[in-house]
Amino acid sequence: MSGRVLVGVKRVIDYAVKIRVKPDHSGVVTEGVKHSMNPFCEIAVEEAVKMKEKKLIKEVVVVSCGPQQVQETIRTALAMGADRGIHVEVLAKDYESLGPLQVSKIMAALAKKEEAQLIILGKQAIDGDCNQTGQMTAALLDWSQGTFASEVTLEGGQVKVVREIDGGLETIKINTPAVLTADLRLNTPRYATLPNIMKAKKKKIANVKPVDLGVELTSKLEVLRVDEPPQRQAGVKVETVDDLVGKLKEAGRI
Amino acid sequence: MGTSHCAAYPELACGCSVHTTIEANSLGTRIIEVVYNASNNELVRTKTLVKNCIVLVDSLPFRQWYEAHYATPMGRKKGAKLNRCAGPVYPDGKPFLQIKTMFFKKALRAGVQTGLRLQSSNAAASTKATPKTSLGFSFELTDQQKEFQELARRFAREEIVPVAPAYDKSGEYPFPVIKRAWELGLMNSHIGEDYGGMGLSIFDACLITEELAYGCTGVQTAIEANSLGQMPVIIAGNEAQKKNYLGRMTEEPLMCAYCVTEPGAGSDVAGLKTRAVKTGDEYVVNGQKMWITNGGKANWYFLLARTNPDPKCPTSKAFTGFIVDADTPGIQVGRKELNMGQRCSDTRGITFEDVRIPKENVLIGEGAGFKIAMGAFDKTRPPVAAGATGLAQRALDEATNYALERKTFGKVIAEHQAVSFLLAEMALKVELARMAYQRSAWEVDNGRRNTYFASIAKAFAGDIANQVASDAVQVFGGNGFNSDYPVEKLMRDAKIYQIYEGTSQIQRLIIAREHLGKYKK
């Protein structure tokens with residue numbers, strides 16, 4: 001199978017950073033905080049680049065939606081081996097309400113425009129944890145989907161996907177075109193090497209506006225309030241099993 | 001700024017223009033008209049040692065023409081004159097190279113700083129990389145530099161930090177880590193593109209070095225020794241030598257070593273006893289070298305030996321630099337020395353017994369060795385200072401994290417002023433060391449003689465690395481003394497920074513000499 005793969009990447013707060021809620025509880029603090037590519041998106045890019053190296057596909061196009069800063073994330077993907085990038089420009093104020101529905105509409109429109117045969121996304125973003133974009137994109141395009149992929153094999157016009165599910169592993173075979181979402185164990189993303197970082201400068205990043213793709217960015221969701229999780233309370237030690245059962249009954253747990 | 005000579009000179013790519021640049025060194029200031037290709041920001045640099053100036057030419061074919069007719073990196077060609085309008089001319093008779101007087105110094109200095117060499121690497125630099133230079137001085141990194149730094153940082157924290165304690169205990173050479181660094185392009189950064197390298201600037205190399213040193217200075221020293229060994233070849237090698245000895249370094253992960261120090265001569269390089277005697281088409285070398293980093297792992301050595309036995313012969317003519325393959329018969333590699341710190345780095349004594357070196361492996365010529373050996377230091381001292389800064393930063397981070405967790409007398413120890421003041425002084429020293437090495441790297445990348453700044457950076461960074469590491473152990477208290485915690489290793493590793501690459505005392509000699517030299521009438 002030859003052709004084009006679209007990979008979506010998201011710029012998120014780095015996983016190692018301690019998240020703080022804004023004083024007005026409208027969201028989390030993002031100013032001056034270290035951002036990097038969503039770890040599952042890195043795995044998605046790696047999978048696409050691997051396919052290209054095995055000559056199973058021809059071109060890897062990486063897409064990101066957001067304000068100017070997402071270009072750094074696209075550059076990182078280019079340095080990992082993607083061929084070109086598409087930056088879907090979303091103004092900072094619209095970015096706050098940009099959710100999986102809007103992104104999947106954009107991805108669907110781009111997939112049609114670029115005539116992609118595969119879309120690979122991370123299973124979820126570590127900020128929203130929505131786990132919706134992949135599934136919605138497939139639905140909008142009426143394409144097959146292989147989500148939570150821990151192993152992907154291209155076989156002719158089909159894709160064999162091993163999925164991580166609650167009960168264990170499930171293997172399915174789906175037709176292309178398809179949307180895949182990457183789970184943790186799919187691969188280990190490579191470092192961009194120094195020469196590749198320099199080469200990435202020469203790769204193109206195209207700018208596109210959502211309106212050009214015919215996508216409306218209004219969201220029907222409104223964030224009312226953001227709070228920190230409750231502080232962990234100290235536990236209580238009991239001497240015997242009967243005490244434990246008694247305490248649990250008191251608390252109404254059993 | 002300047003006129004275009006493209007039409008007159010067909011080999012030049014379109015979009016080039018003639019610029020003026022200046023070079024200031026202790027001999028004075030010279031202004032030369034040069035050619036620069038502004039459209040793709042590609043410059044090919046040649047440095048003429050004789051005048052110590054920078055001549056910028058914009059393409060390889062042009063450089064080859066220039067070197068064939070005019071001057072090579074090691075000096076002017078015989079008969080070529082760098083005089084007003086007496087130099088080579090374009091086919092249409094227009095003079096190419098003119099020396100102007102120092103009249104326009106100030107204006108042109110600004111032009112140089114804003115226009116030409118702010119891009120710190122030779123390869124296609126980002127066009128939006130020029131920082132806001134309206135102030136003329138900038139602390140901003142280019143996007144590319146930030147990416148390099150990010151890569152090195154990730155690599156160090158994910159692949160060096162976890163394995164460093166084990167290598168320190170066993171003393172085993174960290175070849176897997178080095179190989180990985182080589183694969184990612186983090187090594188051999190000074191090798192030019194013609195030989196398969198990336199031709200990074202010293203500044204870029206320093207950024208990477210600081211991050212690697214943060215992980216483990218033992219690993220970083222093993223990597224840095226490559227740069228030190230290669231530097232004489234980079235600055236003084238001829239085409240054949242560079243292709244042979246630099247080319248191989250980019251094709252496989254090989255190591256090389258800088259073989260100068262002897263049991264009886266460390267700081268006193270002029271007191272070297274290793275003798276090289278010319279016999280026919282070869283030199284026969286006898287002597288002993290000591291404390292050679294990568295001594296047991298090197299594929300080839302840069303060797304400094306005495307070729308003129310006459311004690312009255314001046315140092316600048318008595319020594320010769322050689323490239324020696326490590327498998328040459330007669331080379332005996334000593335045992336791996338057990339050192340206080342940087343224990344995974346391979347340090348050995350090397351004995352040369354009737355080792356034969358072909359005359360093709362002489363750098364420049366007989367007697368030119370001392371200058372080459374010393375010239376390498378101006379480019380390698382900034383990275384060593386960067387390494388010391390990386391160690392100090394690690395010590396500071398470890399101590400700060402500990403101070404925010406450990407509680408005594410009812411609060412975290414960071415809230416006790418004695419500890420917070422200690423941390424403040426550590427932070428102060430780290431920031432200043434960083435600025436010092438960055439300045440020295442920037443100076444040499446801009447074509448200026450940076451000896452003064454390089455010595456300041458190395459002396460300061462070495463000294464503060466020791467202080468900061470020792471203070472970090474203090475912050476950890478009893479735990480700091482224990483090998484389950486990372487800081488005792490840092491303290492042991494830091495000591496060598498006051499010794500190798502020029503002891504702290506030698507650095508002070510150099511700084512004093514350079515400083516007083518500015519004041520002498």
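Here are some short exercises, with worked solutions, on a predicted model with chains A and B.

**Exercise 1. Work out how many residues each chain brings to the contact, and how much area is buried there.**

Let's start with the head count. Chain A puts in 12 residues, and chain B puts in 21 residues. Next comes the area: about 1,500 Å² is buried between chain A and chain B, with 66% of that coming from carbon and sulfur atoms. Now look at who pays for it on the chain A side. Tyr191(A), Leu194(A) and Met198(A) lose the most area to chain B, and together they make up 53% of what that side buries.

**Exercise 2. Find the salt bridges and polar contacts across the interface, then describe the chain A side.**

Step one is the salt bridges: the rule picks out three between chain A and chain B. One of them to look up in the structure is Lys201(A) with Glu147(B), whose side chains sit 3.6 Å apart, N to O. The cut-off for a salt bridge is 4 Å, so this pair passes.

Step two is the polar contacts. Three residue pairs, both partners at pLDDT 80 or more, are in polar contact between the two chains. As for where the chain A side comes from, helix H6 (residues 194-200) gives the most to it, with four residues. Sorted by class, the side of chain A that touches chain B holds six nonpolar, one polar and five charged residues.

**Exercise 3. Is the peptide bond between Thr176(A) and Pro177(A) cis or trans, and where does Pro177(A) sit?**

Check omega for this bond: it is about 0 degrees, and the bond is cis. Then place the proline on the chain. Pro177(A) lies in the loop that links strand S9 (168-175) to strand S10 (178-182) of chain A.

**Exercise 4. Take Asp354(B) and Phe409(B), two non-glycine residues with positive phi, and say where each one sits and how accessible it is.**

Begin with Asp354(B). Its phi is about 50 degrees, and its home is strand S14 (residues 347-358) of chain B. Relative accessibility for Asp354(B) is 48%; exposed needs over 50% and buried needs under 20%, so this residue is partly exposed.

Now do Phe409(B). Here phi is near 50 degrees, and the residue falls in the loop between strand S15 (407-408) and strand S16 (411-412) of chain B. Phe409(B) has 77% relative accessibility, which means that it counts as exposed.

Technical notes: Residues numbered from 1 in each chain as written. Chains lettered and ligands numbered in written order. Predicted model: local features only at pLDDT ≥ 70, side-chain atom pairs only at ≥ 80, totals over all residues. Heavy atoms only, no water. Contact = heavy atoms within 4.5 Å. Buried area = accessible area lost by both parts, 1.4 Å probe. Polar contact = N/O pair within 3.5 Å; in protein donor to acceptor, adjacent residues only side chain to side chain. Helix = DSSP H or I, 4+ residues; strand = E, 2+ residues; numbered from the N terminus. Nonpolar A, V, L, I, M, F, W, Y, C, P; charged D, E, K, R; others polar. Buried < 20%, exposed > 50% of the residue type's maximum accessible area, 1.4 Å probe, protein only.
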